[in-house]
Each structure stands twice: as structure tokens, then as C-alpha cells.
Amino acid sequence: MGTIQVPANIMDPRLERYGDYRRLAQARAITYLIAQVDNRSDDTITMYEVVVVTNDGQQIEATSISDYVDTWRDAFAGEGGDATTYNRGIALSNSSNFYLHPGAKGTAILGAKEPIKTVKRVFVYPAGAFDRVEARRTS
């Protein structure tokens with residue numbers, strides 16, 4: 001059970017550290033989603049993926065923000081790279097991994113490469129590629 005902000009408000013303070021790191025890496029902007037999860041199931045929830053279907057039928061996939069941080073971190077790797085900023089990316093990625101045991105509550109941050117301007121349907125893959133749940137609109 002839970003809620004997902006699609007898209008999340010870019011001014012949400014929980015997103016600040018990701019935006020700061022993305023800008024340091026000079027990476028393209030992404031669309032953020034924030035999921036508040038209350039795991040009432042008997043399975044571990046990882047928020048494997050969220051798929052948003054727009055009003056015009058486009059499918060937009062959102063995955064863990066840690067996937068994006070790992071990509072941004074590459075900008076600081078290699079010869080002449082910034083080891084301190086690279087290591088900051090490792091810590092940010094590790095702290096962003098989402099693994100919620102049964103009975104626990106938590107917040108997952110996800111990202112999508114494309115802007116999400118409209119939302120027709122939202123599908124959540126809470127525990128892997130084969131377990132799909134359709135979200136329902138609350139407002």
C-alpha cells in the first residue's frame with residue numbers, strides 16, 4: 001500500500017541532493033517520482049519499476065534513483081576525475097537503494113528520462129519484473 005507522486009514536485013527537499021549531484025555531473029534533467037510505501041505484504045518490496053502511461057499512450061519507465069546516481073557518478077571517474085565527488089556518488093547511491101521488509105514503511109525515489117506531462121495509468125512493479133499492480137488516482 002502507498003502513494004506515488006507522478007511527477008514529484010521538483011522543489012521537494014527530499015530531491016535536493018539528487019539535483020545537486022546531477023548538476024555537478026552536468027547530466028540531463030530527469031523526472032522524479034516519490035513513492036511512500038507501507039509494506040503490508042509478506043514479500044520484500046524494492047520498487048523495481050513504475051510505468052506511467054500518458055494520455056497519448058506513451059509508456060514512460062521510472063527506475064530507482066540509484067540507477068541514475070550510478071550513471072552521473074561516471075562523470076567523475078577515470079584519470080583526472082574527482083575522487084571525492086565520485087565517492088559522494090557511491091554514498092548517495094547506496095543510501096538510495098530501496099529494500100523494504102514486510103511490515104516496514106519507507107520512501108522510494110525514482111527517476112524517468114522523459115518528462116511526464118499527463119498521467120492516464122500507472123503500473124507499479126513492487127517486487128520484480130513479473131508482479132504488477134495498477135495504481136489508482138487519489139486526487
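Across the whole of this predicted model, a search for aromatic pairs returns 2 of them. In one, Tyr21 meets Phe76 in a tilted arrangement, with 5.6 Å from centre to centre and 55 degrees between the planes. Tyr21 belongs to helix H1, while Phe76 sits in the loop between helix H2 (65–73) and helix H3 (83–96), so this pair ties together parts of the chain that are 55 residues apart in sequence. Both Tyr21 and Phe76 are buried. The other pair brings together Tyr68 and Trp72, whose ring centres are 6.3 Å apart; their planes meet at 45 degrees, so this pair is tilted. Here the partners are separated by about one helical turn, because Tyr68 and Trp72 are 4 residues apart in helix H2. Tyr68 and Trp72 are buried as well.

Trp72 deserves a further look. This residue of helix H2 has a relative accessibility of 5% and therefore falls below the 20% limit for a buried residue. Leaving aside residues up to four places away in sequence, Trp72 touches Tyr18, Tyr21, Arg22, Ala25, Ala27, Ile30, Tyr32 and Ile65. Tyr21, a member of the pair with Phe76, is thus among the contacts of Trp72. Ala25, another of these contacts, lies 47 residues from Trp72 along the chain, yet 5.6 Å separates the two C-alpha atoms. Rings also take part in a contact with charge: the charged end of Arg73 is placed over the ring of Tyr86, at 5.3 Å from its centre.

Attention now turns to open space in the model. Rolling a probe the size of a water molecule over the atoms reveals where empty space remains. The largest pocket encloses about 850 Å³. Its lining is made up of 31 residues, and those nearest the centre are Gly2, Thr3, Ile4, Ala135 and Arg136. Two or more lining residues come from each of strand E1 (2–5), strand E2 (31–38), strand E6 (121–125) and strand E7 (133–135). Strand E2 gives the most, with 4 residues. In terms of class, 14 lining residues of the largest pocket are nonpolar, 8 are polar and 9 are charged.

The second largest pocket has about 180 Å³ of volume. Its lining includes Ile10, Met11, Asp12, Pro13, Leu15 and Glu16, along with Arg22, Ile30 and Tyr32. Arg22, Ile30 and Tyr32 also appear among the contacts of Trp72. Helix H1 (residues 16–24) supplies 4 residues, the most given to this lining. The classes here are 7 nonpolar, 1 polar and 4 charged.

Finally, a few backbone features stand out. Most peptide bonds are trans, and a negative phi is found in most residues other than glycine. The bond joining Val6 and Pro7 is cis, with omega at about -15 degrees, and Pro7 is part of the loop between E1 and H1. Positive phi values occur at Gln26 and Met47, neither of which is a glycine. For Gln26, in the loop between H1 and E2, phi is about 55 degrees. For Met47, in the loop between E2 and strand E3 (49–53), phi is near 50 degrees. Their surroundings can be told apart by accessibility: Gln26 is exposed, with a relative accessible area of 73%, whereas Met47 is buried, at 5%.

Technical notes
Residues are numbered from 1 along each chain as its sequence is written. This is a predicted model: local features need pLDDT of at least 70, side-chain atom pairs count only at pLDDT 80 or more; totals for chains, interfaces and linings use all residues. Side-chain values use heavy atoms; hydrogens and water are left out. On a 1 Å grid over the protein atoms alone, a cavity is a set of points where a 1.4 Å probe fits but cannot get out, and a pocket is an open set with protein on both sides within 12 Å along at least five of seven lines; lining residues have an atom within 4 Å of a point. Grid points are joined across faces, edges and corners, and a volume is the space filled by probe spheres set on the points. Ala, Val, Leu, Ile, Met, Phe, Trp, Tyr, Cys and Pro count as nonpolar, Asp, Glu, Lys and Arg as charged, and the others, Gly among them, as polar. Rings of Phe, Tyr and Trp (its six-membered ring) pair if their centres lie within 6.5 Å; planes under 30 degrees apart count as stacked, over 60 as edge-to-face and the rest as tilted. Buried means under 20% relative accessible area, exposed over 50%, partly exposed in between (1.4 Å probe, protein chains only). A charge sits over a ring if NZ of Lys or CZ of Arg is within 6 Å of the ring centre and within 35 degrees of the ring normal. Contact means heavy atoms within 4.5 Å.
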